[in-house]
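Visitor: I am new to reading structures, and I would like to be walked through this one slowly. Could we look at it together, one question at a time?

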Amino acid sequence: MKRRSFIKKSALSALTIVVGTDIVFGELMPAGYTPLALQDPDPFKMFNKDKEMVVLNDRPWNMEAQAHLLDEKVTSNKFMFIRNNGKIPENIDVKNWTVTFDGESVGQTKTYTLEELKNKFPHYSYQLTLECGGNGRSEFDPPAKGNQWTVGAVSCATWTGVRLSDVLKEVGVKNNAVYIGYHAADTHLSGDPKKEPISRGMPMDKAMQEETLLAFQMNGKDIPLAHGYPLRLVAGGWPASVSGKWINRISVRNKVHDGTKMTGDAYRVPCEPVAPGEKVKDEDMCIIESMPVKSLITYPKSGAMIDQGKKLNIRGHAWAGELEVAKMEYSIDYGATWQVASVEKPANRLAWQHFSAAVSFPKKGYYEVWARATDTKGISQPMLLPGWNPKGYLNNACHRIAVKVK
Ligand SMILES: Nc1nc2c(c(=O)[nH]1)N[C@H]1C(S)=C(S)[C@@H](COP(=O)(O)O)O[C@H]1N2
Ligand SMILES: [Mo]
């Protein structure tokens, strides 16, 4: 008779920890068998996310918040959206993590360990707004391919690290430097080691801004794995795709970086407005830089009820890419008239700003509260959709919540 082999005791106790409870009959589990609990991992547990986060894709992992989950002034990990283009790196050896500076326009090619970076350069902390270029994509018509983000692919956490500019000054940058391009440790879904899931970058002047960090902490702790542990670029106010996670190489380029997702329709929009669905020539596409003015009502949750005669206190955040938000307004009549809301100064440049208002309603019934931010150049959010583009980027339409007065 063929003997069945069973799982080893040590392996069983490790499994128990992962599953989070006793595995009854665990000693009868065949050796080499993967319990279903591990075959289908719980992303909320795995990434330490709130149960109300919404999973848009599991290959790669993409997850967004709902507006009311983003009510905190500084976003905690539990509510931070995840946008991955490839597979999250595994078995990170933080002691031996290095980042190499190279490229046509680097003064000298140089490699730093994480410890060297931390010890050599001063540390800075900033609250930085990171919004995926595709946030709001789900509303475009004709629809755009890609994750159907609604409103929740935005965050503003506190990031701590060294200034990219300090490191670039030490390695040296030639006069003909135009762009930096990042390379990272995540792997392509195809498994092909030669393919990078994403390798984007930024022009030198953005790279040299004092708020552009090579960060090793988020909200005062090690960066969570899904958000780029142990080292990520953070460039607030620009599409978050510029903020490379799991960074291990930065190239100083003598031309616009041409890595994966720098060309074609990726993170590029028509330089001039086009009709919805129109084909756009490659040379008429421009790389997205500063993100447009936008806001989000984070309290109350859409569907709120209030008694007649009472005021409804609303609040939320507003941001404007490289600019500041100068004015915040709300409307309860579908944009026919607008009332001013109060808006705070940002904690630092490129941090989102908090707004609030006490809203009165004339009588019982159904209302919508629409919020609209205006930046320091006088540009306001569009009430409904902004210009269409092939990949559905930059939807900064006014956020809206439903309210019933009873
Ligand atoms: N290495 C690497 N960096 C990356 C990505 C990625 O897939 N791999 N995704 C980018 C995109 S498109 C976005 S919107 C942000 C998302 O950051 P988050 O997952 O920490 O919220 O990371 C950017 N940095
Ligand atoms: Mo993104």
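Guide: What follows is a short set of questions and answers about this predicted model.

Visitor: Which residues come nearest to ligand 1?
Guide: The shell around ligand 1 has 9 nonpolar, 6 polar and 4 charged residues when it is sorted by class. Of the 19 residues that make up these surroundings, the ones that come nearest are F81, N85, D186, H227 and K245.

Visitor: How much of the area that ligand 1 exposes when taken alone does the protein bury?
Guide: We can begin with the contacts, where an oxygen atom of ligand 1 is 2.7 Å from a polar backbone atom of N85. An oxygen atom of ligand 1 also lies 2.7 Å from an N or O atom in the side chain of H227, and for the side chain of R232 the distance from such an atom to an oxygen atom of ligand 1 is 2.7 Å. Taken alone, ligand 1 exposes 540 Å², and the share of this that the protein buries is 100%.

Visitor: Which elements give two or more residues to the shell around ligand 1?
Guide: The place to look is the largest cavity, since that is where ligand 1 sits. The elements that contribute two or more residues to the shell there are β3 (82-83) and β8 (179-184).

Visitor: Why is the pair of F81 and W149 called edge-to-face?
Guide: A pair of aromatic rings is described by the distance of the centres and the angle of the planes. This pair joins distant parts of the chain, 68 residues apart, with F81 in the loop between β2 (61-64) and β3 and W149 in the loop between β6 (123-131) and β7 (154-163). Planes over 60 degrees apart count as edge-to-face. The ring centres of F81 and W149 are 6.0 Å apart and their planes stand at 80 degrees, so the pair is edge-to-face.

Visitor: Where is P300, which follows a cis peptide bond from Y299?
Guide: The bond from Y299 to P300 is cis, with omega near -5 degrees. A cis peptide bond also joins R59 and P60, with omega about 0 degrees, and P60 is found in the loop between β1 (54-58) and β2. As for P300, its place is in the loop between β16 (294-299) and β17 (304-306).

Visitor: What is the phi of N91?
Guide: N91 is found in the loop between β3 and β4 (98-102). Although N91 is not a glycine, its phi is positive, at about 50 degrees.

Conventions
Residues are numbered from 1 along each chain as its sequence is written. Chains are lettered from A and ligands numbered from 1 in the order in which they are written. This is a predicted model: local features need pLDDT of at least 70, side-chain atom pairs count only at pLDDT 80 or more; totals for chains, interfaces and linings use all residues. Side-chain values use heavy atoms; hydrogens and water are left out. A residue is near a molecule or strand if one of its heavy atoms lies within 4 Å of it. A polar contact is a pair of N or O atoms within 3.5 Å; within protein, one must be able to donate a hydrogen and the other to accept it, and residues adjacent in sequence count only if both atoms are side-chain atoms. Accessible areas come from the Shrake-Rupley method with a 1.4 Å probe; for residues, only the protein chains shown count as cover. On a 1 Å grid over the protein atoms alone, a cavity is a set of points where a 1.4 Å probe fits but cannot get out, and a pocket is an open set with protein on both sides within 12 Å along at least five of seven lines; lining residues have an atom within 4 Å of a point. A molecule sits in a cavity or pocket if more than half of its atoms lie within 2 Å of its grid points. Helices (H or I, at least four residues) and strands (E, at least two) are DSSP runs, numbered from the N terminus. Ala, Val, Leu, Ile, Met, Phe, Trp, Tyr, Cys and Pro count as nonpolar, Asp, Glu, Lys and Arg as charged, and the others, Gly among them, as polar. Rings of Phe, Tyr and Trp (its six-membered ring) pair if their centres lie within 6.5 Å; planes under 30 degrees apart count as stacked, over 60 as edge-to-face and the rest as tilted.
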